[in-house]
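Colleague: Please pick a single part of this model and look at it closely for me. I would like the terms explained as they come up.

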Amino acid sequence: MSSIKEIARWMGRNSVKIEETPLAFVFFTDEHVFKVYKPKKIDGVVDNSTLKKRKHNLANELQINKLLCKNIYLKVVPIVKTNTGFSFEARGDIVDYALKMLQLPRDRSLNYALENKWTIRKETLKDILLLLSNFHKKAATNDRISNFGKIQDLWSLYESHLEKIERFQKPDLLFNDSVKDFVIQKSDLFFERVKNNKIKDIHGDVRAENIFVVDNNIYLIDRVAFNDSFRYRDVLFDVAYLAMDLDFHGKHELSKYFVKQYMLLNGEPEESLELIQFYKSYCAIIQCLNHYISKQKSFAVDYFNLAKSYFREELDLLYEGPEVKFRIDYAGNRKLQRLIDNCSASGELKTLLLCSNIMAIDRLKHHDHGKTHATKTANFALKMLRVLKDKKIKFSLLNDYVYNKYIKSYDFSYDDVEVIVALASILHDIGTSIDKKNHSLLGVNLALQLIDSLLENIYKVNEKTIIKSEVMHCILMHVTDSAPLTVEAGLVKIADALDMEEGRAKISFREGMIDTHSVSALAIKKVLISSSFRKPIVITVLMSNSAGLFQVKDMLQAKVQKSGIEKYIEVVTKIDKSAKAEEVPDKLIFKKNEIKRDFRRK
């Protein structure tokens, strides 16, 4: 009998596109997809060892997927040995079976949109969660299915995945203990889910690559079929899987939106959020193991770090220093994601940020200079950077090291520009740990000792040296009177001033520092970044009263005017609901004739 590999080789020679998964080969023709199981048996997981079993299991996959993909899953067809090779649905000796499906366009998958950094509309997510909610309401449950939601079975499955991962990397005992402690401490929540019939026959693999939006229809394909028990889970598992996938691609706000809307739609209690965090971690661990098995180590490591991040609060209590959880939108940038992971794992950085807040808040009665301010600065800087990127603005790193015809060109991209801006934003105030005066110069000296470890496994020596110098220039130039020489440094400088919402000022009030700055900052309700036909970047400051104008004029205006990128910026203020909206007076808007520098090579 012909082997599946022989069939795959023949199909490949005849221009049939082939993809391989751990359990199957998938063949793509012009209009259809044919899925063929490998003759594998994994105890307790799947048994496709005989032709009869493969045919039966394909029929099962056909049946269970019709609920969510009407008219996409067509039928089980024979693979026939012919005189010239092999054929689907022909007459002759049957050598195997395939599941025949209509081929959905790849560029209509949610995963394609995420990887290409397209905008994902909330309306699309709402359509997906409506489909999922209706499916969950009708999903089957019974005593046998509910048994799979018991706490001992959940931990046993999670633990078995961790043990398998340890074949590829060293065990992380602190993380393992944190997960186990959570399961034990929240046992009542898991029990309530079983009691309330929330363990059902769900989809089991709600990832972005399995979601297609075609002609206003949502298709959720590839429901887990190889083992029924892997579908017998809490309905929150499906929600968590897509939320985790959105997190993995840096879409944290969309992830939160999806979870929140599902909970509202289905009347889920607030404590369900804790279970969703657990399930997101579990889903990331599953993907970590899958990528290790597929020999994609870098992605496996990224998924493992993501799994840990959902337990970061518990883990940080076990490390020296304060909790540091950098919630920075990396938007699918793998280098930036690894940088954030390195920063979150750095005990030295944590302690420096703690020291900065001790100096600023406890001793100087000033406002936050620690991880919260660093995170907000990074997110503001990245938002502005991405607006400039969309407007085709050249950044200094690329202009000077990629497009410069007088030197050897380096292989940098916009991803590396984001790394510079994010790292400089995280480190810009660490000099405050020594003294507020001259903190930018002190910060450069401290950063010099830190940056190599934070860029570990991201860059080679020469590229790392360039990134390091660019980051230190940003740190040195972020104070008001400095004159940045790069676009990146200008962004960090302005972003530092944008963290002026009332929450930051309340710290000063609580510590007894009541001055013009803190009173003005208390009037700032929200800072928004957008774009317009007039200027690439529009900074809108929403205020409860006009006291906030002092903060805009003396802090934000001063920094923008000396940023070197003032020609790209417009600042607008609006008085909150109780008063008429008004723009900043003309003297606070930066006119073209005020432009003093640009960064194009002379």
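Modeller: Helices (H or I, at least four residues) and strands (E, at least two) are DSSP runs, numbered from the N terminus. The model is predicted, so local features need pLDDT of at least 70 and side-chain atom pairs count only at pLDDT 80 or more, while totals for chains, interfaces and linings use all residues. Residues are numbered from 1 along each chain as its sequence is written, and side-chain values use heavy atoms, with hydrogens and water left out.

The part I choose is the sheet. Six strands make up this open sheet, and their order is β1-β2-β3-β8-β6-β7. The pairing is antiparallel; two strands pair if DSSP finds at least two bridges between them. At the edges stand β1 (17-20) and β7 (86-88). Each of these edge strands has a single partner, so one side of each is left without a neighbour in the sheet. From one strand to the next, the twist averages 25°.

Within the sheet, β2 (residues 24-28) pairs with β3 (residues 32-37) over five bridges, in the antiparallel sense. Phenylalanine 27 has phenylalanine 34 of β3 opposite.

A helix also belongs to this picture. Helix α2 (residues 51-65) lies across β3, β6 (73-81) and β8 (93-102). The helix runs at about 15° to β8, where axes are lines fitted to C-alpha atoms, for helices over the stretch in contact, and angles run from 0 to 180 degrees between N-to-C directions.

Beyond the sheet, helices α9 (residues 235-248) and α11 (residues 272-293) pack with their axes 8 Å apart, at an angle of about 65°. Among the residues that meet are Leu236, Phe237 and Tyr241 from α9, with Ser272, Leu275 and Tyr279 among those from α11; contact means heavy atoms within 4.5 Å.

Serine 272 of helix α11 has a relative accessible area of 1% and is therefore buried (under 20% relative accessible area; over 50% is exposed, in between partly exposed, with a 1.4 Å probe and protein chains only). Apart from its neighbours within four places in sequence, serine 272 touches Arg193, Leu236 and Met263.

Leucine 423, in helix α18 (residues 414-427), is also buried, because its relative accessibility is 0%. Leaving out neighbours within four places in sequence, leucine 423 is in contact with Leu339, Cys343, Ile451, Leu454, Leu455 and Val471. Leucine 455 is 32 residues away from leucine 423 in sequence, with 9.3 Å between their C-alpha atoms.
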